[in-house]
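Let us walk through a protein model together, one step at a time. Please take a moment with the sequence and the 3D view before reading on.

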Amino acid sequence: PAPGRWLPALEPDRRRLRRDLPGPGPDPRRLARPGGRPELTVAEAPPPHLPLIDALRGVAVLGVIVVHAEDLFPFLAYGPGGWAVPLINQGGFGVQLFFVLSALTLLISWHGRQDPDPTPGFLVRRLFRVVPMFWAALLLYLVLDGGAPRPFAPGGIAAWQVVLTALFLHGWHPLATNAIVPGGWSIAAEMSFYLLFPFLARGVTNAPRAAAFGLAALALAGAA
């Protein structure tokens with residue numbers, strides 16, 4: 001046959017390929033049938049890798065390690081004159097730095113998604129990331145120590161402390177914060193933040209709103 005005569009026969013296949021593959025258009029990530037039903041969702045690009053975030057995470061990890069090393073090896077800090085104590089204590093801010101970095105990366109991921117409502121998927125991913133391991137730790141410490149007194153629960157463990165810890169509400173009561181799982185206060189703060197995050201991601205979208213929210217948060221913290 002003459003060159004090019006076979007092309008019309010392949011035209012339906014070419015149209016189908018153009019329909020199924022991402023290409024230029026208003027929203028190349030989600031292609032829809034005429035009725036509006038999604039036909040193909042193209043995998044979203046992963047969030048950009050930011051080396052600065054990795055570096056700051058390393059600083060935060062180092063700070064937390066130094067603080068706990070002071071607890072295990074007091075002579076490292078309480079040498080002649082205790083000159084290292086103020087420096088070592090700054091490592092405790094590593095957890096707060098983690099919180100800030102988590103908020104930043106979560107916002108980058110949130111605004112990079114094309115879902116009309118990313119909230120359900122966000123909450124499900126957070127639950128699967130945190131709940132299984134924390135519940136495993138909760139069970140482990142209950143099996144190992146039972147209800148015996150411990151540093152953060154000198155009167156022993158009561159049922160209400162177990163319930164609050166399992167529901168990630170232990171951070172809201174001073175006698176439950178670290179009662180069962182050492183360091184569990186950070187998980188309680190993390191889960192509370194995850195519940196608030198969708199509202200913050202939708203509402204705090206510019207500098208004036210961020211400033212207003214920051215002032216309100218500081219006022220609330222001061223009142224508490």
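A good place to start is a group of aromatic rings: Trp110, Phe122, Phe193, Tyr194 and Phe197 are linked into a cluster by ring pairs. Here, rings of Phe, Tyr and Trp (for Trp, its six-membered ring) pair if their centres lie within 6.5 Å; planes under 30 degrees apart count as stacked, over 60 as edge-to-face and the rest as tilted. Before going further, keep in mind that this is a predicted model, in which local features need pLDDT of at least 70 and side-chain atom pairs count only at pLDDT 80 or more, while totals for chains, interfaces and linings use all residues. Residues are numbered from 1 along each chain as its sequence is written, and side-chain values use heavy atoms, with hydrogens and water left out.

The structure has eight aromatic pairs. One of them joins Trp110 and Phe122, with 6.0 Å from centre to centre and 80° between the planes, an edge-to-face arrangement. This pair links distant parts of the chain, since Trp110 belongs to helix α4 and Phe122, twelve residues apart from it, to helix α5 (residues 119-145). Helices (H or I, at least four residues) and strands (E, at least two) are DSSP runs, numbered from the N terminus.

Is Phe122 buried or exposed? Phe122 counts as buried because its relative accessibility is 4%; buried means under 20% relative accessible area, exposed over 50%, and partly exposed in between (1.4 Å probe, protein chains only). Its partner Trp110 is buried too. Beyond its neighbours up to four places away in sequence, Phe122 touches Leu106, Trp110, Tyr194, Phe197 and Pro198, where contact means heavy atoms within 4.5 Å. The C-alpha atoms of Phe122 and Ser109 are 9.7 Å apart, with their positions 13 residues apart along the chain.

Now look at the helices around these rings. The axes of α4 (residues 94-111) and α7 (residues 185-203) come within 11 Å and cross at roughly 35°. These axes are lines fitted to C-alpha atoms, for helices over the stretch in contact, and angles run from 0 to 180 degrees between N-to-C directions. The crossing is right-handed, meaning that the near helix is turned clockwise from the far one by less than a right angle; anticlockwise would be left-handed. On the α4 side, the contact includes Phe99, Leu106 and Trp110, and on the α7 side it includes Phe193, Tyr194 and Phe197. By class, this contact has 13 nonpolar, two polar and one charged residues. Ala, Val, Leu, Ile, Met, Phe, Trp, Tyr, Cys and Pro count as nonpolar, Asp, Glu, Lys and Arg as charged, and the others, Gly among them, as polar.

Helix α7 also holds Ile187. Leaving aside neighbours within four places in sequence, Ile187 is in contact with Val130, Phe134 and Phe168. From Ile187 to Val130 is 57 residues in sequence, and 8.1 Å in space from C-alpha to C-alpha. Phe168 sits in the loop between α6 (159-166) and α7. Phe168 has a phi near 65°, a positive value in a residue other than glycine, and at 8% relative accessibility it counts as buried.

Finally, step back to the whole chain. Its secondary structure comes to eight helices and two strands, in the order α-β-β-α-α-α-α-α-α-α from the N terminus. Of its 224 residues, 21% count as buried.
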